[in-house]
Amino acid sequence: IMQTPGYTEAKRFCSKCHELPSGEQHHPAAWASVIHRMEGYLTKVKRKLPTDQERKEILGFFQATSKK
């Protein structure tokens with residue numbers, strides 16, 4: 001999993017608040033809304049949001065490791 005593109009970005013942002021979740025927690029199509037919701041929490045606690053490129057990589061990581 002650590003070799004999956006986007007792992008580093010996902011670990012860096014998700015671990016600010018909780019452990020890195022398993023991609024299998026959601027269907028690939030659901031991850032975009034999960035990431036959007038988590039960004040709302042980051043904004044609320046005034047933490048740095050991922051850039052557009054980082055967001056794309058994070059989404060790709062979770063979709064690649066999710067239930068298919």
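## Trp31 in helix H2

Let's start inside the fold: Trp31 has its place in helix H2. This is a predicted model, so every value below is computed from predicted coordinates. Trp31 is buried, and its relative accessible area is 2%. Once neighbours within four places in sequence are set aside, the contacts of Trp31 are Pro21, Ser22, Gly23, His26, Leu59, Phe62, Gln63 and Ser66. For a sense of distance across the chain, take Trp31 and Lys11: their C-alpha atoms are 15 Å apart in space, with their positions 20 residues apart in sequence.

Next along helix H2 comes Ala32. Unlike the buried Trp31, Ala32 is partly exposed, at a relative accessible area of 41%. Ala32 can be paired with Gln63, which is 31 residues away in sequence and 8.9 Å away in space, C-alpha to C-alpha. Gln63 is also one of the residues that Trp31 touches.

## The chain as a whole

With those two residues in view, it helps to step back. The chain contains 3 helices and 0 strands, and read from the N terminus its elements follow the order α-α-α. The radius of gyration is 11 Å, close to the 11 Å that the globule rule gives for 68 residues, so the chain is as compact as a globular protein of that length. Along the principal axes, the C-alpha atoms fill a box of roughly 35 × 20 × 20 Å.

How much of the chain is buried? Of its 68 residues, 31% count as buried. Contacts across the sequence add to the picture: among those between residues at least 6 apart, 71% join residues at least 24 apart.

## Surface and charge

The accessible surface of the chain is about 4700 Å², and 57% of that surface belongs to carbon and sulfur atoms. As for charge, there are 12 positive and 7 negative side chains. The centres of these two sets lie 6 Å apart.

## Phe61 and the N-terminal segment

Now to helix H3, which spans residues 52–64 and holds Phe61. Is Phe61 buried or exposed? Phe61 is buried, with a relative accessible area of 1%. Leaving out residues up to four places away in sequence, Phe61 touches Ile1, Thr4, Pro5, Gly6, Tyr7, Ala10 and Leu20. Helix H1 covers 7–14, and the list for Phe61 includes Tyr7 and Ala10.

Met2 sits in the segment before helix H1. In contrast to the buried Phe61, Met2 counts as exposed, at 57% relative accessibility. The C-alpha atoms of Phe61 and Met2 are separated by 9.9 Å, although the two residues are 59 residues apart along the chain. Met2 and Ala29 give another pair to look at: they are 27 residues apart along the chain, and their C-alpha atoms are separated by 22 Å.

## Glu39 and the loop after H2

Back in helix H2, which runs over residues 31–44, we find Glu39. Glu39 counts as buried because its relative accessibility is 11%, and the cut-off for buried is under 20%. Beyond its neighbours within four places in sequence, Glu39 is in contact with Leu49, Pro50 and Arg55.

The loop between H2 and H3 is where Lys46 is placed. Lys46 is worth a look in the backbone view: its phi is positive, at about 60°, although Lys46 is not a glycine. Lys46 counts as exposed, at 73% relative accessibility, whereas Glu39 counts as buried.

## The cysteines

How many disulfides does a search of the whole structure find? The search finds 0 disulfides. Cys14 is in no disulfide, and its nearest cysteine sulfur, that of Cys17, is 8.8 Å away. Cys17 is likewise in no disulfide, with the sulfur of Cys14 as its nearest cysteine sulfur at 8.8 Å. Why does this pair not count as a disulfide? The two sulfur atoms would have to be within 2.5 Å, and they are 8.8 Å apart.

The surroundings of the two residues can be described as well. Cys14 counts as buried, at 14% relative accessibility, while Cys17 is partly exposed, with a relative accessible area of 48%.

Note on methods: Residues are numbered from 1 along each chain as its sequence is written. This is a predicted model: local features need pLDDT of at least 70, side-chain atom pairs count only at pLDDT 80 or more; totals for chains, interfaces and linings use all residues. Side-chain values use heavy atoms; hydrogens and water are left out. Buried means under 20% relative accessible area, exposed over 50%, partly exposed in between (1.4 Å probe, protein chains only). Helices (H or I, at least four residues) and strands (E, at least two) are DSSP runs, numbered from the N terminus. The radius of gyration is taken over C-alpha atoms; the globule rule is 2.2 Å times the number of residues to the power 0.38. Contact means heavy atoms within 4.5 Å. Accessible areas come from the Shrake-Rupley method with a 1.4 Å probe; for residues, only the protein chains shown count as cover. Lys and Arg count as positive and Asp and Glu as negative; His and the chain ends are not counted. The place of a charge is taken as NZ of Lys, CZ of Arg, CG of Asp or CD of Glu.
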